[in-house]
Amino acid sequence: MGRSFEVRKASMAKTQGAKIKVYSKYGKEIYVCAKNGGSDPESNLSLRRLMEKAKKDQVPGHVIDKALDKANGSGGENYEVARYEGFGPGSCAVIVDCLTDNNSRTYMDVRQCFVKNDAKIGTPGAVSHMFEHQAVFQFQGTDEEGTLETLVMADVDVSDIEADEGVITVFAPHTEFFKVKNALSDFLGDTPIDLEEITFVPQIDTEVSGDDVERFEKFLDMLNDCDDVQNVYHNAELV
């Protein structure tokens, strides 16, 4: 699962990294997180994780500061979380997370992405049971046993750990994010953690082949071009 996750993550990052709207999406998410849980990252752990992720994705500091200042002010937009589920090209499972100030508009935008790419939007819960909400970490290394021992000694509930081609991948329940991060930071020393995030990890991959590959890539591009879409998760394995 570790290597397939890395490949899937790379394909998603390639699409999302090309988007000129990535800064505004981070700004919106930071604003909502700070507005709901407070703008102090020391007490708002979700905000702290989000800010660290934004910095790792090279979001400028002024974008983060502007979102925090906006959250500290009065008024502002009222965004809601919206999640849509369905089946993409090739019958792969897809979860689309959005932040919206107009649910009807967002639903229609996301639905069009499905309709125009031979995909089918479903009801809540249609595919989420096929994913696990997990914290995922990746770093360069081969000491799988040492990593596991470190996490166990730190009383971390580890879901899975894999070493493949010099890369170690750690999966844990999303609630264990900071326990894993702190334990790995102490264990690794100067070795950087290349990936650290909370995401939806598919339990089973679905092969997407033939003409469905092009449709799937177009489908992802359309979703990522929607202003309200924040994250897209899927179990597609392109072959």
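**Close-up 1. Buried K28 and its salt bridge with D228.** In this predicted model, K28 is buried, with a relative accessible area of 13%, and its partner D228 also counts as buried, at 7% relative accessibility. The two side chains form a salt bridge in which the closest N and O atoms are 3.4 Å apart. K28 belongs to helix α2 (residues 22-37), whereas D228 sits in the loop between α8 (211-224) and β9 (229-234), so the contact ties together parts of the chain that are 200 residues apart in sequence.

**Close-up 2. D228 and R105.** D228 also meets the side chain of R105 in a salt bridge, at 2.7 Å from N to O. This pair again links distant parts of the chain, since R105 is located in helix α5 (residues 103-115) and D228 in the loop between α8 and β9, 123 residues apart. R105 counts as partly exposed, at 34% relative accessibility, while D228, at 7%, is buried.

**Close-up 3. E196 and K181.** A salt bridge joins E196 to K181, with the closest N and O atoms 2.6 Å apart. E196 lies in strand β7 (residues 193-202) and K181 in helix α7 (residues 177-188), and the pair, 15 residues apart, is another link between distant parts of the chain. Both E196 and K181 are buried.

**Close-up 4. The network of K28, D101, R105 and D228.** Salt bridges that share partners join K28, D101, R105 and D228 into one network. Across the whole structure, the search finds 10 salt bridges, among them the K28 to D228 pair and the E196 to K181 pair.

Key
Residues numbered from 1 in each chain as written. Predicted model: local features only at pLDDT ≥ 70, side-chain atom pairs only at ≥ 80, totals over all residues. Heavy atoms only, no water. Salt bridge = Lys/Arg side-chain N within 4 Å of Asp/Glu carboxyl O. Helix = DSSP H or I, 4+ residues; strand = E, 2+ residues; numbered from the N terminus. Buried < 20%, exposed > 50% of the residue type's maximum accessible area, 1.4 Å probe, protein only.
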